[in-house]
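Visitor: Could you take me on a close look at one part of this model, the place where the ligand sits? I'm in my first year, so please spell out the terms as you go.

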Amino acid sequence: MSLADHVEQIKAMGFTEQQAKEALTACRNDINSALEAILSGEDFGRATTGGAQTNMANSGMFPPPSTPKLYYFDFTGRAEPIRLAFMLGQVKFEDIRISLSEWPQMKGSMPQGMVPVLEIGDKRLTQKTAIMQYAAKAANLWPQDVWLECKMAELHGCVEDVVSEVRKIRFTQDQERKNQLCDAFKATFLPEWLQRLDSLVAANGHEGFAVGGDLTVADLDLYNLLNLLDNGESTGWLPVDVRPHEGQSCWQQHTHLAAVYNRVDSIPQVKEWNDNHPVNRLQ
Ligand SMILES: N[C@@H](CCC(=O)N[C@@H](CS)C(=O)NCC(=O)O)C(=O)O
């Protein structure tokens with residue numbers, strides 16, 4: 001499209017020609033300065049991320065004033081999308097893994113008695129979705145479009161709904177009740193949620209991406225959930241095997257989920273990370 005076509009398109013939205021030209025000039029200046037920064041060897045992430053990282057720069061917390069420390073168990077769980085985001089963005093972080101035997105002594109020192117917790121200098125951040133947002137912005141895996149930001153929150157909320165149900169089952173003491181919950185989870189709860197998630201991803205309209213048309217931490221969150229479910233029984237995270245058969249995935253009929261999964265799984269750095277961090281049993 002020529003510049004004149006862009007101007008016509010903006011005018012068609014009700015703006016004057018002068019406003020259209022000003023908007024395009026501002027875009028051109030932003031692109032030029034980003035290109036200059038990249039070509040002159042300045043920090044690539046900062047040069048290419050505009051709004052999100054500008055806000056973080058204003059907060060005084062980005063770049064992180066000291067190496068961020070991520071506290072979690074020696075398990076994927078709620079920490080893995082955060083770890084993957086830091087890793088993909090080449091943001092250095094300390095991956096502190098607490099064993100279940102150490103946990104009772106550490107629990108009281110965590111702000112809400114739970115992990116994940118991100119510590120940067122004397123500041124601490126709790127709650128997976130908040131930490132994921134920090135990691136994603138630092139790694140340039142967070143969209144700048146407001147609607148897409150809200151769609152990210154929507155997807156993270158859906159993931160959390162599934163994870164909360166698993167938590168409820170795991171913490172049910174009565175074995176008979178636990179068995180009933182496991183049966184219901186496999187027969188109805190999970191199939192319904194996988195269908196809802198598949199429809200959500202289909203509605204995004206970019207095959208292979210959960211939100212928008214670029215890799216975001218939403219893809220990593222979904223990828224991790226699908227892995228958690230498939231490996232649930234063997235890792236002790238979920239007291240029931242939800243796969244239709246050994247070697248198959250519980251989500252394989254859902255083509256939109258599969259497209260996201262396969263895209264993330266084929267990223268060479270993700271493969272390398274997985275090779276170096278085999279999925280542990282919860283211990
Ligand atoms: N809403 C919190 C939930 C955190 C949570 O449940 N953490 C679990 C591990 S996934 C935990 O710390 N469990 C140990 C405990 O509660 O003592 C979040 O999203 O971060």
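Guide: Here is a walk around the ligand, followed by a peek at some backbone oddities. Before we start, this is a predicted model, where local features need pLDDT of at least 70, side-chain atom pairs count only at pLDDT 80 or more, and totals for chains, interfaces and linings use all residues. Residues are numbered from 1 along each chain as its sequence is written, and side-chain values use heavy atoms, with hydrogens and water left out.

The ligand sits in the largest pocket. A pocket here is an open set of points on a 1 Å grid over the protein atoms alone, where a 1.4 Å probe fits, with protein on both sides within 12 Å along at least five of seven lines. To "sit" there, a molecule needs more than half of its atoms within 2 Å of the pocket's grid points. Two elements, β1 and α6, give two or more residues to the shell around the ligand. Helices (H or I, at least four residues) and strands (E, at least two) are DSSP runs, numbered from the N terminus. The residues around the ligand include Tyr72, Phe73, Trp103, Lys107, Val115, Pro116 and Lys128; being around it means having a heavy atom within 4 Å of it.

Now for the polar contacts, which are pairs of N or O atoms within 3.5 Å. The side chain of Lys107 brings an N or O atom to 2.7 Å from a ligand oxygen. Val115 uses a polar backbone atom instead, 2.7 Å from a nitrogen of the ligand. With Lys128, a backbone N or O atom is 2.9 Å from a ligand oxygen. Taken alone, the ligand exposes 510 Å², and the protein buries 80% of that; these areas come from the Shrake-Rupley method with a 1.4 Å probe.

Val115 has another surprise: a cis peptide bond joins it to Pro116, with omega about 10°. Pro116 lies in the loop between α6 (103–107) and β3 (117–120). There's a cis bond from Phe62 to Pro63 too, with omega near 0°, and Pro63 is in the loop between α4 (50–59) and β1 (69–73). Why point these out? Because most peptide bonds are trans, and most residues other than glycine have a negative phi. Gln90 has a positive phi, near 55°, and is exposed at 75% relative accessible area; exposed means over 50%, buried under 20%, and partly exposed in between (1.4 Å probe, protein chains only).

Conventions: A polar contact is a pair of N or O atoms within 3.5 Å; within protein, one must be able to donate a hydrogen and the other to accept it, and residues adjacent in sequence count only if both atoms are side-chain atoms. On a 1 Å grid over the protein atoms alone, a cavity is a set of points where a 1.4 Å probe fits but cannot get out, and a pocket is an open set with protein on both sides within 12 Å along at least five of seven lines; lining residues have an atom within 4 Å of a point.
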